[in-house]
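Let's take a walk through this protein together, starting with its overall make-up and ending at a meeting of two helices. Keep the structure open as you read.

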Amino acid sequence: MLCSSFSVSRLAIPAVCTLIALLAYTSQYFFLHFNDAPLKEGEVWRLNTLAIIIWTCYYRSCTVDPGHIPKGWTPSDRTNLEEDKASGRQRWCRRCEAYKPPRAHHCKTCRRCIPKMDHHCPWTSNCVSYFTFPHFVRFLFYAVVGIGYLETLLWQRGSMVWASRNLPSYLGPSVTQIGHLFILFVTNSLTLFALSILLIKTLWSLGANTTTIESWEIERHETLLRRARHFGGALPGPGGVIVPIKKQEFPYDIGIFSNIRAGMGGSINVLSWFWPLARTPDCSGGLEYEVNGFEDPHVSWPPPDPDRIPLPPRTDRSAFAYDDGASTNLDIEAFNRRKEADLKRRKQPAEVQRRKPFHARFVGSDSEFDGDEASDSDSGEASSYNASDNGEEGWKNSEGERLRDFGVDEEAEFYDEEDIPLADLIAQRQKQQQMRDLY
């Protein structure tokens with residue numbers, strides 16, 4: 001399965017290039033031999049200019065590095081890191097073993113944390129991030145403009161063919177030309193429809209200064225708020241931990257113009273937003289972002305999520321405490337039991353290892369939660385009940401999307417320290433101790 005998906009991803013860019021070439025150049029070949037309405041000189045220039053711009057923007061969307069987190073980076077405000085960890089805010093990436101800046105996520109394809117990750121685009125084989133988002137927006141914009149212009153030219157020729165449908169065949173285009181026109185028109189129309197929807201969604205996100213992942217997080221937060229109403233404003237987490245849930249405003253919406261400026265690399269020059277050769281945002285960005293001030297400055301995004309917080313530490317004694325012979329034997333037995341359980345868990349499928357979904361944990365229990373929540377208008381939450389037993393990382397939004405659908409490494413976003421294999425956990429602890437000894 002992995003090999004198959006890898007092969008498909010390698011074909012994505014050639015497929016897009018083939019589509020661009022098909023629409024941009026075979027259409028000109030058709031127009032050249034369409035005697036009733038050949039291309040005018042101005043139309044030729046416009047078509048080829050738009051094609052060059054589309055090629056340029058697509059090339060930059062595919063090849064510009066989506067960025068990385070500088071080695072040794074630490075947040076400027078470290079006072080609330082422990083509170084963030086306890087409340088389920090992911091400020092530490094266990095994959096990179098480093099602090100994770102605001103709005104960054106660990107991409108399972110790029111295998112690193114990406115600054116202001118929007119999603120991993122399969123059609124560019126690259127992450128749409130703080131650094132590549134302006135190129136991606138320009139590519140979508142000029143692709144829709146170019147394909148829209150081609151649509152008008154195809155529509156004009158198609159209307160001529162339809163108007164002459166009752167004439168003898170030798171007075172009109174050949175069957176081959178009609179077939180070519182039909183293929184171009186259908187392909188161009190479907191591509192225009194799909195890209196127009198994607199462009200509208202992208203421009204909406206640009207105006208609100210939200211990434212695709214953050215839109216998912218906003219919807220998730222609204223779901224948790226509805227759930228919390230059944231529990232007096234708080235939700236139970238692992239190990240009986242009670243996590244308060246209160247409405248939190250999205251902090252990065254700073255006004256439409258400022259949002260667009262921030263999304264397009266910080267430039268206030270509107271013309272540069274449309275310039276295909278505009279520079280990539282400065283490499284010093286992508287780590288800190290302007291906020292609207294509606295929330296306490298020490299409160300970070302995303303809001304607390306009970307199913308993201310680590311399991312509480314064990315209260316039993318360590319397996320390595322050797323104070324007497326009797327306790328030694330008990331501790332060795334406890335260690336061996338943990339080791340056996342860990343090995344058994346590692347052999348199980350990933351879905352078996354996760355916590356049960358919220359619905360499965362509380363429906364039918366003695367809590368105030370009842371079946372009415374399952375029929376909530378949020379179809380995404382309801383669908384997650386039946387579609388996934390993977391725990392809360394299997395939650396879906398109203399469009400049926402999980403975080404992994406955006407390229408996010410769900411394992412890095414949603415697992416506890418208890419889910420780390422015991423050998424890996426010991427190795428991490430030893431490494432941390434060695435670093436402390438050095439300093």
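The protein contains 14 helices and eight strands, and what you have in front of you is a predicted model. Of its 439 residues, 44% are buried. Among contacts with a separation of 6 or more, 73% link residues 24 or more positions apart. On the outside, the accessible surface is about 24,400 Å², and carbon and sulfur atoms account for 60% of that.

Now look inside. The largest nonpolar core is made of 39 residues, and F31, L47 and F139 have the most contacts within it. Two or more residues of this core come from each of α1 (2-32), α2 (41-63), α4 (133-163) and α5 (175-208). The largest share, 14 residues, is given by α4. To see one core residue in its setting, find F139: beyond its neighbours within four places in sequence, F139 touches I54, C57, Y58 and S61. There is also a second, separate core of ten residues, with I213, W216, W395 and V408 among them.

Finally, turn to the place where α5 meets helix α7 (residues 256-263). How are two packed helices described? By the angle between their axes and the distance between those axes. For α5 and α7, the angle is about 110 degrees and the axes lie 6 Å apart. Angles of 65 to 115 degrees count as roughly perpendicular, so α5 and α7 are roughly perpendicular to each other. At this contact, L206, G207 and A208 of α5 meet I256, N259, I260 and G263 of α7. Sorted by class, the contact has four nonpolar residues, three polar ones and no charged ones.

Key:
Residues are numbered from 1 along each chain as its sequence is written. This is a predicted model: local features need pLDDT of at least 70, side-chain atom pairs count only at pLDDT 80 or more; totals for chains, interfaces and linings use all residues. Side-chain values use heavy atoms; hydrogens and water are left out. Helices (H or I, at least four residues) and strands (E, at least two) are DSSP runs, numbered from the N terminus. Buried means under 20% relative accessible area, exposed over 50%, partly exposed in between (1.4 Å probe, protein chains only). Contact means heavy atoms within 4.5 Å. Accessible areas come from the Shrake-Rupley method with a 1.4 Å probe; for residues, only the protein chains shown count as cover. A nonpolar core is a set of buried Ala, Val, Leu, Ile, Met, Phe, Trp, Tyr and Cys residues joined through side-chain atoms within 4.5 Å. Axes are lines fitted to C-alpha atoms, for helices over the stretch in contact, and angles run from 0 to 180 degrees between N-to-C directions. Angles under 35 degrees count as roughly parallel, over 145 as roughly antiparallel, 65 to 115 as roughly perpendicular and the rest as oblique. Ala, Val, Leu, Ile, Met, Phe, Trp, Tyr, Cys and Pro count as nonpolar, Asp, Glu, Lys and Arg as charged, and the others, Gly among them, as polar.
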